[in-house]
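Please take a look at the model below. A short report on its chains and their details follows.

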Amino acid sequence: MKQTPELDRIQARMQPGILTMKGFLGSDPRPLAEILAEDLAAVTAAGVTHAQIADRLAAITRQGTDLMEREVKVEDRFQVTVRDDRGLLPSPFGDGRFAKGDTEVADPRTGRTFRWNDLTLHLIRDHGFYNGRGSDYRLEPGELVTVFGIAPAAPGA
Amino acid sequence: MSEVVTGVGVLSAVSVGLTVLLLVAEAIFATYGECEIDINKGERTFKVTGGGSLLRTLAGQKLFLPSGCGGRGSCGTCKCKVLDGGGPVLPTELPYLNPEERRTGIRLACQLKVKENVRIEIPADLLSVREFQAVTERITPLTHDIRGLRFRLPEGETVRFKAGQFVNLVSKPYGDVTEPTSRAYSISSAPADNRALELVIRLVPNGLVTTWVFNHLKEGETATLIGPYGEFFLRDSAREIIFIAGGSGLAPIRSIVLDMIERGITHRPATFFFGAVKLRDLYYVEEFQAIAAKHPWFRFKPALSGDETGHPWERGLITDVVARSYGTLDNHEAYLCGSPGMIGACVKVLTGKGLPENLVFYDKFS
Amino acid sequence: MDVQAISPLVIFVAAITTNNILLTNFLGMCSFLAISNDLGSSLGLGAAVTFVSLCTAPLNWIVYHWLLVPFHLEYLQYIVFILVIAAFTQIVEMMIERLSTPLYLTLGIFLPLITVNCCIFGCALFLVIRGYTFLQSVAYGAGCGAGWALAIVALAGLRERMRKRSKVVPELEGPGIALILTGFMAMAFVGFSGIVRIN
């Protein structure tokens, strides 16, 4: 995948202080095209799709929604808190604005914590973007697949 | 090469010459001296130098009439009522005024030139929406992630707002953030306290403005506030009041309750449900308890949804607490402030108990 | 024929009749068509155009002969003339606003339009092309404006009368019939030919 001028513009909007305070790239110095390509390779290697991953995470968020930030145990394993924050975050791809309010997930079994919001899931589902390395919202696709047990879709499905 | 230079030189000389000529002409012909503008029959008056359009002159006083086209006379949104001093209606205004408006003295502020003392009438809301350069008087940590801020207005200035309205707070550039950004926050102080504005702000992870408030804004520094705005305020009726708030949503409820005390509204029973997760999320508890002890019409019911024990408060989600506190809601009004999720869930509970949707009030901060 | 020998008076009369800038060169058509609906406005705009053209013609002559020619910058004439006209229109507007409110109210909307009136600009270009002297330019400027005013007032009169007396095919109403009338007027003005000749 080639870094197009359009991707340059999107990557510029991902810088800190433009749309959000810390931006979307963390300390990742690579061109956006390279980030997207590597994450896509990891997703493909696991035999799943971006949409499957986003759906799985969205389902976890739903379990914690409407509890006014009370922590809830999901699937007898994950500790989930869904924050209620007012306001909307614009997508760096320029395709919509998404509610703030992070889902914070802790997995005692692996000791891992995860954080995402509606915008994070939109970027995964529609753009295959998992944030840059070092970002607070970075989600490693391979890790998501193993921790949340995302199974390859049945052949033909 | 030299031809280019002389060309540019002569063209510049001609432009400069004509500009000087225009400035001289303006100084001779377009001077109207000092004029006084009177708004809403003496509510506010100020002296200005005549010659500019009414729209620009008002903007110079930080009074912003709505204007779509920026004063070119092509949108017709800057209409205002001119009582006298506006001169005859100009041909450029006619297409935007219907006969009724012409009769009552409605004019386009961008076309009308201030040449003498002018008396105008504008909606009271516009008069109160202003930009304040306020001094950050006090920053109080209320919980681990909520702070109370008190801004003192410049000497001699006062603000008029309805309890429950909000203002926009403008952050200054910091760190990687190069642009000033503004966010809406409800006013938590009482309207009677009109030389200051208090806000309650909760830190939003990665939030542009809240991070500035928590990490950069210091006591004594000035900050820009614009407002007040909003349709969230106490309606005039005899119904019993249900206040529900979560997190920083307590702010406008505090303002409304303080205002009710100030105005001596004692005939309406009111209950304030304040939802939080843990004990550490509660704040202003003593203040509301004191109010409840002093004023029999007011009850204060904090509710904690977490599994802490050993506290005197209600337990459970705020929606459950509200649900079990009331039977049928047939003579009530509800005022909600909090996250969209909380508001959505509360509206469902309240309407489920028979409260009509038009008696549930909340600010969407759209 | 020696242009410089023509009397300014002849040039003035010719600019109104045989060389009417609107009816022979078809310059200044946009405001001509837009404003000629109404006799009163036509008179006002006509007067304003006449005044501006009377003043800008000598002004542009001075700028051209004293500034552009000595520096060999004739190619800049278009942009410089427009600048002069625009600035002058501004000054006229300020003056009228200050000195006579009723006149300002009648002309108000038309004054800024004069800046982009092709008639004024065309007049400035013609006086350069034809090599007029200063006095001839004054006369030509006055004539151009007066001729334009005559044409627009005449058309406005015709249109006003037609509104009362005649039925126009709906498809031709407005600019359509105005253009046809202008054509007839142009042909009628051919009748002036032979009185004076300036080119």
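Helices H1(C) and H8(C) are roughly parallel to each other, because their axes cross at roughly 25° and angles under 35 degrees count as roughly parallel. This comes from a predicted model. In chain C, H1 spans residues 8-16 and H8 spans residues 134-165. Their axes come within 7 Å. The crossing of H1(C) and H8(C) is right-handed. Angle and distance between the axes are what describe two packed helices in general.

Which residues of H1(C) and H8(C) make the contact? From H1(C) come Pro8(C), Leu9(C), Ile11(C), Phe12(C), Ala14(C), Ala15(C) and Ile16(C). H8(C) brings a list that includes Leu135(C), Val138(C), Tyr140(C), Cys144(C) and Leu150(C). Gly143(C) and Gly147(C) of H8(C) also take part. By class, the contact of H1(C) with H8(C) has 15 nonpolar residues, three polar and no charged.

Now take chain C as a whole. Chain C has nine helices and zero strands. Along the sequence, the pattern reads α-α-α-α-α-α-α-α-α. Chain B is built from nine helices and 17 strands. The table sets out two totals for each of these chains.

| Chain | Buried residues | Contacts (separation of 6 or more) between residues 24 or more positions apart |
|---|---|---|
| Chain B | 37% of 366 residues | 69% |
| Chain C | 41% of 199 residues | 82% |

Next come the places where chains touch. How many residues of chain B are in contact with chain C? There are 18 residues of chain B, and they meet 19 residues of chain C. On the chain B side of this contact, twelve residues are nonpolar, five are polar and one is charged. Chain A also touches chain B. Here 17 residues come from chain A and 23 residues from chain B. The chain A side divides into four nonpolar, three polar and ten charged residues.

Some details of the backbone deserve a look. In general, most residues other than glycine have a negative phi, and most peptide bonds are trans. Where does this model depart from that?

Start with Lys41(B). Lys41(B) is not a glycine, yet its phi is positive, about 50°. Lys41(B) sits in the loop between strand S1 (34-39) and strand S2 (44-49) of chain B. Is Lys41(B) buried or exposed? Lys41(B) counts as exposed, because it has 10 C-beta neighbours inside 10 Å and the cut-off for exposed is 12 or fewer.

Phe26(C) is another such residue. Phe26(C) has a positive phi of about 55° and is not a glycine either. The place of Phe26(C) is the loop between H1 and helix H2 (29-35) of chain C. H1 is thus met again here, as the helix that crosses H8(C) at roughly 25°. Why does Phe26(C) count as partly exposed? Phe26(C) has 14 C-beta neighbours inside 10 Å, and partly exposed covers the values between 12 and 20.

The last detail is a peptide bond. Gly227(B) and Pro228(B) are joined by a cis peptide bond, with omega about -5°. Pro228(B) lies in strand S11 of chain B, which covers residues 222-229.

Terms used: Residues are numbered from 1 along each chain as its sequence is written. Chains are lettered from A and ligands numbered from 1 in the order in which they are written. This is a predicted model: local features need pLDDT of at least 70, side-chain atom pairs count only at pLDDT 80 or more; totals for chains, interfaces and linings use all residues. Two residues are in contact if their C-beta atoms, placed from the backbone, lie within 7 Å. Ala, Val, Leu, Ile, Met, Phe, Trp, Tyr, Cys and Pro count as nonpolar, Asp, Glu, Lys and Arg as charged, and the others, Gly among them, as polar. Axes are lines fitted to C-alpha atoms, for helices over the stretch in contact, and angles run from 0 to 180 degrees between N-to-C directions. Helices (H or I, at least four residues) and strands (E, at least two) are DSSP runs, numbered from the N terminus. Angles under 35 degrees count as roughly parallel, over 145 as roughly antiparallel, 65 to 115 as roughly perpendicular and the rest as oblique. A crossing is left-handed if the near helix is turned anticlockwise from the far one by less than a right angle, and right-handed if clockwise.
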